[in-house]
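Opening the notebook on this one. I want to walk through the strands, the cores and a few loop residues, and jot down what I find.

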Amino acid sequence: MNPVLLPSNRPAERFYRGGARISAFRGEDGAAPREPEDWIGSTTTVNGEPALGLTTLPDGRVLRDAIEQDPVAWLGDDHVARWGADTRLLVKLLDAGQRLPVHAHPHDDFAATHLGRAHGKAEAWYILQGGTVHVGLRQDVEAADLAALVERQDATTLLGLLHEVEVAAGDVVWVPPGELHAIGSGVLLLELQQPEDLSILLEWGDFAIDGAAVGHLGLGFDLALAAVTSTARSATDLAVLISAAPDSGSVFPEAADEYFRLERVPVRGAATVDQGFSIVIVNDGEVEIDGRRLSIGSTLLVPHAAGALAATGTGELLVARPPAP
């Protein structure tokens, strides 16, 4: 099995604007105004949709089906022995054409108990183009007070409760399940997350979505908000959540390793991408892998059976992987 070069896979008509920065990064022609996400190597659907979001391979097969048919070749013996055909990973490019709403995602136990899902939604970001992000509470908030802000749709106060941080290309942001956050306008990032589309929206006034109807995941806000972290993050906490990535090797905090991994691989003449199911993104320069000349924005879907990959040239690769089994 060989690595598969993937075109962009952008679910249309998302509830927020964006997409032009993905097109520029990918070297593709323009985008519709509400295609702000590229779901790379996706076995996950948009919440409530039967197929939207799934990656289709060049041979016409849906990736999810191909993995189910031969999980060992795609994921490896150890992964399959622990998790079966579950990739445990969703990778996205995300272009915030407008500030995203204040929101959070449920943790595994909450998602299993109340939604019947196999995963919650931890996520982490590698910043490609910087700007402002809002992550974690500046002060403790009582559940009743948070619910009242949601009821009033007091977006200004909600956003003001969060730490506001300027991030630059090469920074990483770890967003544990339950953590309130919002991505500022103009930010382009690579996102690794658990393979679910589950968001608890605390605001929706400026967005093309009926948050009052769908923002609570069908649970009602009293229950949904119970999945949201209501305790403050100190400056020490924030330094763990948001930091500059090292020049090479693993880039996310250790706490993210149980969910997913991201490696930064500089290519200065030659480099090796270790064996294993992965998504490889060219983030700088031009490299050759598997006989292909790849430039910035190229993405490869790599089956375990492809073995280790030799990369030559000058550039940088970002290698997204599931957790180690």
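These entries go through what I looked up, place by place.

**Starting point.** I am working from a predicted model, and I keep that in mind throughout.

**Strand β2.** I began with β2, residues 37–40. Which way do its side chains point? E37 and W39 go one way, while D38 and I40 go the other. I then checked burial, and all four are buried. Next I looked for the partner of this strand. β2 runs antiparallel to β3, residues 90–95, and four bridges join the two. For D38, the bridge partner in β3 is L93.

**Strands β13, β14 and β18.** I moved on to β14, residues 261–273. On one side I found β13, residues 249–250, antiparallel to β14 and joined to it by two bridges. Here S250 stands opposite E263 of β14. β14 also pairs with β18, residues 309–321, again in the antiparallel sense, over 13 bridges. In that pairing I noted G269 of β14 opposite G313 of β18.

**The loop between β13 and β14.** P253 is in this loop. Is P253 buried or exposed? I count P253 as buried because its relative accessible area is 15%, and the cut-off for buried is under 20%. Setting aside neighbours within four places in sequence, P253 is in contact with W174 and V240. I also checked a C-alpha distance: P253 and V173 are 8.9 Å apart in space, with their positions 80 residues apart in sequence.

**The nonpolar cores.** The largest nonpolar core has 57 residues. Which of them touch the most other members? L190 and F260 do. I asked where the core draws its residues from, and the largest share, five residues, comes from β5, residues 123–129. Apart from this core lies another one of 26 residues, with V102, V150, L198 and A227 among them.

I listed the contacts of F260 as well, leaving out neighbours within four places in sequence. They include L89, A122, E123, A124 and W174. L192, Q193, Q194 and F252 are also in contact with F260, as are R321, P322 and P323.

**K121.** This lysine caught my eye, sitting in the loop between α5 (108–115) and β5. Buried or exposed, I wondered? K121 counts as buried because its relative accessibility is 5%, against a cut-off of under 20%. With sequence neighbours within four places left aside, K121 is in contact with K92, H105, P106 and P177. Its contacts also include E191, Q193, Q194, E196, L198 and S199. Q193 and Q194 were already on my list for F260.

**Two positive phi angles.** Last, I looked at the backbone in two loops. E13 has a positive phi of about 55 degrees although it is not a glycine. E13 lies in the loop between β1 (4–6) and α1 (20–26). I put E13 down as exposed because its relative accessibility is 62%, where exposed means over 50%.

D290 is the other one, with a positive phi near 55 degrees in a residue other than glycine. Where is D290? In the loop between β15 (278–289) and β16 (292–295). I logged D290 as partly exposed because its relative accessible area is 38%.

Definitions and conventions:
Residues numbered from 1 in each chain as written. Predicted model: local features only at pLDDT ≥ 70, side-chain atom pairs only at ≥ 80, totals over all residues. Heavy atoms only, no water. Buried < 20%, exposed > 50% of the residue type's maximum accessible area, 1.4 Å probe, protein only. Pairing = 2+ DSSP bridges. Core = buried A, V, L, I, M, F, W, Y, C linked by side-chain atoms within 4.5 Å. Contact = heavy atoms within 4.5 Å.
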